[in-house]
Amino acid sequence: MSGLVTAAVFYLFERMWREFKRESAGLATRGATGDSFSRAQKRYLAFALLAVAAVVGLQVWLPHLVYGARFEGPWPLYEGVLAGAWRQAPADSGIVRWWAVTGIATAAAGSPPWFFSPRLFDYGVVWLLCGLGLVLLRMTYSVWPWSWRRETLAAFDRVLMRVLGMAALWCGIAALWHVVVNLGGLIGVAVGAATSAGVFAALRNWVGVALRRPTEAGAMDRLKPYLPQVLAYLTLGLVAVLAGGLLIELAGTDWWRWWQAAAAMATLLVLALFIKPDEFGLHAFYRERIARAYSGACNLAEGQHAADNRGTEPREHDDPRLSELRPRPLHLVCCAANDLSGDQVETLGRGARSAVLSKYGFSLGRYARPWTWPSTTNRLGSAVTASAAAFNSNMGQISVRVGPAVSFLMTTLNLRLGLWVRHPAAEVAGSRRWPGVLYYREMLALTSASGRVAPGQSPGTMLRDVHLSDGGHFENLALYELVRRHCRYIIVSDCGADRTVAFDDLGNALRRIREDFGVDISLDVAPLRPGADGRSKQHVAVGTILYSPTDRGILLYVKPTMTGDEPTDVQQYRTRNTAFPHEGTGDQFYDEAQWESYRRLGLHAADSIFKFVARQDSEGRNRTADWVFAEASHQWGPTPEGLEARVLEMSKRFGALEAELQLRQSRGLLAGVFPELQHVPADVKRAWVPAAPAPIAPAAAGAPQAPGAPDADGVLSSELAFLLRATQLMEDVWLTCELDRWWFHDLNLGWINLFARWATSEAFRFWWPLLAPMFSPGFRRFIQERFPMRENQAALSSALANPQKGRVRQVDRPGHGLAATWWQQRSTQPVRWDEPLPASCRRVFYENVLALPRPAGDVEMQASLAAVTVCDLGAGWTSDDFFVPPSLWGAGIGWYFLEGLLHEVRKHSSRCYVVVKAPREGQRHQVARDDRRSFLEQYRKIGFREDQAHLKNESPLCTAFGYDPELDVILTLDLEQWASAWERRSGA
């Protein structure tokens, strides 16, 4: 008998292992793994036959070795150790002996008070001895002159572990049976089992919460994670004792009653095979309630009003099919595909994989399948119910931590909200012949979503169906699947109950995204942490999704917070309910005040986060997602602690310094810092300069004379001292305002613009080689990288940072305007105006001029410049051909120039191309990479997309651009579509 059981266990478990762990078993379709698998299976078969033979031999010889070949007589060890407790079995029929050996006869008779039968441990002892023999054989491997293959060792270890597992299981059952036969009353057991099960059921929502580690764990906090396990094992033990005691009480030593009980239990087990697990548990009840409350709210008959549709009873068409949903916006329902029996090493002990249900089908990792068959699984209500199945028999990593007893007990108590779905790689067939098998898999924690399915093949029986539960059992924010789909802009609303504001769900998501996709997400959540008064700085934090060094996305992370500007009724509710807005989710019955407070807080947060959209609607811009997220990033980007105060202090110091510069005897340094003074017409200058006072009569003899012309050496030394003070103040600003890290912040953008004036002035460039050694290496590096030096400086110029739109016009040559002068003399951006072009191309120049208003007539100032290449195929420019002086960054001039330029280019071509060039040799530092990314974001904001389908690498336009497909990025824009969208937005 033991040999048959052993052989059956070896076969069944090996088959399950092969299906659940195909990759580990060598079933991947690569190379010679088929031969490796065949060799490993032959070794496993040999070791399994050896173990079966050993078990059979031990079963035959055990009575001779232990019991002295006499059933009634004890082995001397038993006689010595258990003297007085040993009792002879009656020399009657086999059934009578069976009642005696198992203790049923003793228990039925009610005496003696204590019973022990070593024969109940026979099978356990046989498997244990066999396992010990295999252990000794495994230990001798280290001294053998030859070595086994790795797959051979793995096969041997699987046989060994299964033998030891059978021994432990049998000995545990035998020990539990001794408790049954020696326990007198059953009333106490029944009360204990019912109480333990009731407590466990009441704490079902608390299971996941108990596993979260507190910030400072005390003794009770360390014990909380073990409470579900203790309750589960205690309940199962008491139920087993109660069931065994009832059988003994009812059947006693009547073998016919035992057969009837066995038949009744077998009938129940067989009938359970016909149970549809999705309809048998709480899933169906929860599904109907969700469908009625949400999608059912839109289920209105013709002419019916919403007020007439407030019934709670389910109605037809409350639950639409997923395939019937609208394509946009695409609704992704994220779930956890439980993988409790899969390879826990491969899944990093998570116990689940991420799965998605949508309009287009079901996806699980690399596998996906459209909805091609009618089923309740492709209903919206079923999908949402599974995604919200917070308590379930299988709960991913939670079930891994609490153990299989919790899964078993939750299944038997029918605490099940999960959903069974056919694996995407499985063949779609009719309804399941034995749906109750899935119920047993839940009970025994045999769910699996791992394993690799070769192309054109179908997964095995144990992998054919996947059990879905709450997406939070894998990742609670649904951020994982959006990053998998390479979404560039993501809004995440983290509404989990997080009273300690530990950001557990966020940390879990960021960790798994980095591990699985190699994508880092940089996010500062400090503005969301409440202060001593319980208030946070803002409702949203902005993060960067680092897909690659040149491919980045924006994450808006929203979390329920109180900032102090909420409506009065929300603040009143918070006063009476201090846990708000992080009250526990166990309360599923919100009253009016609770529901409205959460709804109003969400609306208030959304209005606060995106208020800039309504504020700037009057400008008529095309409100693309690129624009909205870029603006949100600038609006809500992280701000270092105390930066506002530091900026104000530095501004006062710089203001005092520039005021002193205005009063100095020589204005040469001032003209270098503000070269736009050179481009103001002479008549305008005369209008600003007051009339000279009348000459004063000659002074009397001996009176001090008026000062003559300023001394050149004195002026030069004075300006050098002043420049040294200004540079020292620049270093103080760089250090205090953390410009290396926060140069892009709105509060620091003014400093960058101001530094662009000072650091590119002629006087600064002249003295910098001598001044640089006096300052820190970090500041020197910042100046040299952010404002690169240029040889042979000539007269420099700048532009007024005037945030008006300007006017775009075509010019024959760039001329000597402000932007052209800065481009040629100050910027390291190459000047390619006279480079030859292919015969089919020509170069057209455009400038953007600002009108500075004056009563006598506006003064035009060239603020930006572009060199556009026009060919037969299209028109466009490179990032080197579009120039805005650095001191004008952030003033909106570049944005309006780009819009106006596109309108002009549209006259020549229906498609515009832009090539963002890679940093040149010697400039591939972090600043150059940041600038390149800024270029890409600028063009994406207006609608450009990466697309080479319309432009071949060998085209004249690519030749004119000097396009390198390995280093450069080419963007394209359909000008007709862009113009139509622009006209709709602007009301033109």
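In the predicted model, four strands form an open sheet of mixed pairing, arranged in the order 7-10-9-8. Strand 7 (489-493) and strand 8 (520-523) are the edge strands of this sheet, each pairing on one side only, and the twist from one strand to the next averages 25°. The pairing of strand 7 with strand 10 (residues 551-558) is parallel and extends over five bridges; within strand 10, Tyr 557 is the residue that stands opposite Val 492.

An open sheet of six strands is also present, with the order 4-3-2-1-6-5 and antiparallel pairing. Its edges are formed by strand 4 (367-369) and strand 5, each of which pairs on one side only, and its neighbouring strands are turned against each other by 30° on average when direction is ignored. Strand 3 (residues 361-364) and strand 4 run antiparallel and are joined by three bridges, with Tyr 367 of strand 4 serving as the bridge partner of Leu 364.

Several strands of this six-stranded arrangement are also involved in the surroundings of helix 16. This helix lies across strand 1, strand 2, strand 5 and strand 6, and runs at about 60° to strand 1. Because six of the eight residues of helix 16 (residues 380-387) are buried, the helix is largely enclosed by the rest of the structure; the buried positions are Leu 380, Gly 381, Ser 382, Ala 383, Thr 385 and Ala 386. The elements that cover these buried residues include helix 15 (282-293), strand 1 (333-338), strand 2 (352-358), strand 5 (419-422) and strand 6 (465-470).

With respect to helix 15, the packing against helix 16 is at an angle of about 115°, and the two axes are 9 Å apart. Helix 15 is therefore roughly perpendicular to helix 16, and the crossing of the two helices is right-handed. On the side of helix 15 the contact is made by His 283, Tyr 286, Arg 287 and Ile 290, and on the side of helix 16 by Gly 381, Ser 382, Val 384, Thr 385 and Ala 386. Classified by residue type, this contact of helix 15 with helix 16 comprises four nonpolar, four polar and one charged residues.

A further helix pair is given by helix 8 (residues 150-182) and helix 12 (residues 227-251), which pack at an angle of about 55° with their axes 9 Å apart. Helix 8 and helix 12 are therefore oblique to each other, and helix 8 passes helix 12 in a right-handed crossing. From helix 8, the residues Leu 176, Trp 177, Val 179, Val 180 and Val 181 meet Gly 237, Ala 240, Val 241, Gly 244, Gly 245 and Ile 248 of helix 12. The class composition of the contact of helix 8 with helix 12 is eight nonpolar and three polar residues, with no charged residues.

Two individual residues were examined in addition. Glu 442, which is found in helix 19 (residues 436-443), counts as buried because its relative accessibility is 1%, the cut-off for a buried residue being under 20%. Apart from residues up to four places away in sequence, Glu 442 touches Pro 277, Ser 393, Asn 394, Ser 407, Thr 411, Arg 416, Trp 420 and His 467. Between Glu 442 and Gly 418, which are 24 residues apart along the chain, the separation of the C-alpha atoms is 9.7 Å.

Thr 447 is placed in the loop between helix 19 and strand 6 and, having a relative accessibility of 0%, likewise counts as buried. When neighbours within four places in sequence are left aside, Thr 447 is in contact with Asn 338, Asp 339, Leu 340, Ser 341, Gly 342, Asn 394, Trp 420, Arg 441 and His 467. Asn 394, Trp 420 and His 467 thus appear among the contacts of Glu 442 and also among those of Thr 447.

For the protein as a whole, the secondary structure amounts to 38 helices and 18 strands. Of its 988 residues, 46% count as buried. Among the contacts with a separation of 6 or more, 73% are accounted for by residues 24 or more positions apart.

Definitions and conventions:
Residues are numbered from 1 along each chain as its sequence is written. This is a predicted model: local features need pLDDT of at least 70, side-chain atom pairs count only at pLDDT 80 or more; totals for chains, interfaces and linings use all residues. Side-chain values use heavy atoms; hydrogens and water are left out. Buried means under 20% relative accessible area, exposed over 50%, partly exposed in between (1.4 Å probe, protein chains only). Contact means heavy atoms within 4.5 Å. Axes are lines fitted to C-alpha atoms, for helices over the stretch in contact, and angles run from 0 to 180 degrees between N-to-C directions. Angles under 35 degrees count as roughly parallel, over 145 as roughly antiparallel, 65 to 115 as roughly perpendicular and the rest as oblique. A crossing is left-handed if the near helix is turned anticlockwise from the far one by less than a right angle, and right-handed if clockwise. Ala, Val, Leu, Ile, Met, Phe, Trp, Tyr, Cys and Pro count as nonpolar, Asp, Glu, Lys and Arg as charged, and the others, Gly among them, as polar. Two strands pair if DSSP finds at least two bridges between them.
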